[in-house]
Amino acid sequence: MSLMVRILVGVVAGGLLGGAGLWLGNAAETSGAAQLAAASTTSAAAADEPEWIPGGGIRFASTVLHPAAMALEDGVAEFAYELVPLGARSGELPVVLPEEWVLRTRSGDAYMAATPPPQARSDGTAAPVAAAVRFTDLPATVGRVDLVEVAVVGWRVAVPVETELEMPSRTGSSVRLHDGTTITLATTIEQDSGTILDFDVTVPPDVWRETEQNPFGRSNTFRGGGPGWLSAASTIAGTGGGGGSTGFQLRWSERTVPASIRIVYTTVAWAPLDATVVVGGEALDG
Amino acid sequence: MADGTGFSEILRSPLDEPGRPGVWWPVLAGMIVGGLVVVGGYTVARSDAGAAASTSSTATVAGQSGATTGLGDVPFPPGYETVSDVVAARPEYAIKVGGELFVAVATVIRRGFDASGVTLDGGSWTLETGTGELLTSTAVVSDPLLPGVVSVVFPDPGDAGLERLRLIERWEPDGREGSETVAVDGAAGEWDELASVDLGGGVTLEVTRLELTERGGIAEWSLTGSPLGGDVAVFVTARREGQDLGSYFSSTGFFLQRRVVRPATEGVVVLTRAEGGGELGDVAVATDLLVEVSATLLTSFPADVAFDVTGLVVATP
């Protein structure tokens with residue numbers, strides 16, 4: 001082999017080795033979570049949207065899911081993750097949330113799980129949501145290396161809704177709202193400065209409705225519709241998410257309340273949406 | 001004299017000897033050179049990318065004050081339509097409630113921006129149905145805890161199906177405040193052309209009529225100098241010789257109500273007597289009224305952003 005050929009071979013080999021070294025170096029910079037994300041097969045790759053998804057992550061609609069950790073102990077697999085909104089408002093919460101999950105093993109078995117509305121962090125120093133999904137009843141023979149894929153198969157989408165209803169002002173009158181909430185006019189109290197109307201609220205047992213400590217659904221409000229009402233708005237007290245009764249109060253400006261009253265109900269409907277997004281793949285065994 | 005063999009011997013490197021160690025030195029040298037070229041090129045490219053990112057970031061922050069130059073070089077994520085240099089949007093879902101269709105539109109704000117004033121809390125939209133009917137939005141509903149989504153409200157299109165959602169006008173809020181003290185005879189209880197409050201920028205709010213009773217009242221207002229208008233909150237304090245007798249306030253402002261409808265240049269607000277505001281009837285002995293107003297003016301920005309909504313999920317709870 002001539003001298004020039006040997007030099008050329010060296011240059012090519014050196015270039016390949018240098019490139020490989022750089023590639024390995026970059027790979028080492030990525031976290032374990034990012035490796036989980038990179039294993040995704042059906043979701044948007046982080047590399048496609050680096051400006052919008054810094055640090056990796058898997059985007060579905062306007063929510064970015066960052067895998068954090070996978071643990072397996074006593075037949076329970078726990079997949080921890082963080083959620084951040086795609087946008088950049090300070091303190092903004094994601095408006096599309098995962099609900100139904102599936103864990104697949106190397107043998108082809110699938111384990112389903114569901115997550116309630118996550119708690120939101122309020123300090124603004126980290127991802128607004130950190131949560132985990134638990135897959136239970138895995139056989140003792142299943143090890144970490146057998147966990148090959150975690151996917152979200154059902155989501156909830158926030159839809160702000162405001163409706164106005166009309167109901168009799170007779171004590172005991174009830175009306176059922178679009179989301180199953182029932183309000184009942186419990187008492188009316190005449191005062192010199194007007195009339196107080198106390199309403200009972202019955203919320204169906206749905207964790208995606210309202211929970212006391214959950215900012216995702218806390219902003220449900222009632223207010224009087226049209227002129228004549230004194231109080232601006234009343235917010236439903238906490239219901240714990242398991243259904244139950246609570247109430248709100250409005251004030252009418254006169255002693256005599258019209259036979260028919262209008263009430264405005266503002267809420268966020270967390271609408272279900274089926275879509276499969278793999279959020280953890282082969283790297284789960286790492 | 002040396003013969004040819006001897007000359008060749010001088011030129012020949014010891015490394016050229018077959019079977020000698022180090023005969024691949026040109027390969028090693030080439031590998032070193034090749035490696036340096038790759039690493040060097042990568043370093044230069046990375047520093048260029050960093051500079052580009054820094055430039056983009058600088059331009060973004062500068063845009064907070066409304067500058068838009070240089071923001072288009074980082075596209076919004078796939079699936080989003082650019083509404084402005086700062087905001088992009090994407091319809092996510094729709095539900096029918098109470099004879100209305102609520103189309104949930106997720107919004108994205110560019111990193112580095114303060115989102116205040118650049119949201120889609122108000123605007124004018126149209127919806128083309130599957131039968132070709134063109135519906136005009138009646139309101140935009142939002143939730144203060146979830147600023148990343150708004151619902152655009154249309155009349156229920158029935159079974160027509162959805163084709164195209166279009167934003168044709170975007171509104172941005174501009175808060176103004178002002179006050180004026182007016183001498184009155186409290187016993188009158190009602191006054192026409194009561195006050196004219198300068199809100200700055202050529203905008204004036206006139207309280208064209210005020211009625212006060214023991215329990216509450218109404219205030220009629222009119223805006224000039226604001227073509228699109230907005231919504232107004234009114235606060236009135238009744239005084240007698242410098243002492244407060246009682247105060248009145250309008251219940252809600254425009255964006256507190258969260259349902260943003262067509263803004264107006266005139267309107268009526270209902271006033272509530274504040275609790276603990278003095279003995280009832282005090283207003284009758286008032287000698288002057290402090291009229292304070294808070295206006296949320298809307299500025300309109302033309303837009304032409306279309307979204308294909310043929311595949312949008314439409315649910316009926």
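Student: What makes up the exposed surface of chain B?

Tutor: In this predicted model, chain B exposes about 15,100 Å², and carbon and sulfur atoms supply 54% of that area.

Student: And how much of chain B is called buried?

Tutor: A residue counts as buried when its relative accessible area is under 20%. Of the 317 residues in chain B, 45% are buried.

Student: Let's turn to chain A. Why are β1 and β6 called edge strands?

Tutor: The open sheet of four strands in chain A runs in the order β1-β2-β3-β6, with antiparallel pairing. β1 (58-60) and β6 (129-135) each have a single partner strand, so one side of each is left without a neighbour in the sheet. On average, neighbouring strands of this sheet are turned by 35° against each other, direction ignored.

Student: How do you know that β3 and β6 of chain A are paired?

Tutor: Pairing asks for at least two bridges between the strands. β3 (residues 76-85) and β6 of chain A share seven bridges in the antiparallel sense, so they meet the definition. You can find A:Ala77 opposite A:Phe135 of β6(A).

Student: What makes a space in this model a cavity, and how many of 30 Å³ or more are there?

Tutor: A 1.4 Å probe must fit there but be unable to get out. By this rule there is one cavity of 30 Å³ or more, and the largest cavity holds about 40 Å³ of space.

Student: Which residues line the largest cavity?

Tutor: Its lining includes A:Ser62, A:Pro85, A:Leu86 and A:Glu92, along with B:Thr107 and B:Gly148.

Technical notes:
Residues numbered from 1 in each chain as written. Chains lettered and ligands numbered in written order. Predicted model: local features only at pLDDT ≥ 70, side-chain atom pairs only at ≥ 80, totals over all residues. Heavy atoms only, no water. Helix = DSSP H or I, 4+ residues; strand = E, 2+ residues; numbered from the N terminus. Axes fitted to C-alpha atoms, helices over the stretch in contact; angles between N-to-C directions. Buried < 20%, exposed > 50% of the residue type's maximum accessible area, 1.4 Å probe, protein only. Areas by Shrake-Rupley, 256 points an atom, 1.4 Å probe, with all protein chains shown as cover. 1 Å grid on protein atoms, 1.4 Å probe; cavity = no way out; pocket = protein on both sides within 12 Å on 5 of 7 lines; lining within 4 Å. Points joined across faces, edges and corners; volume = space filled by probe spheres on them.
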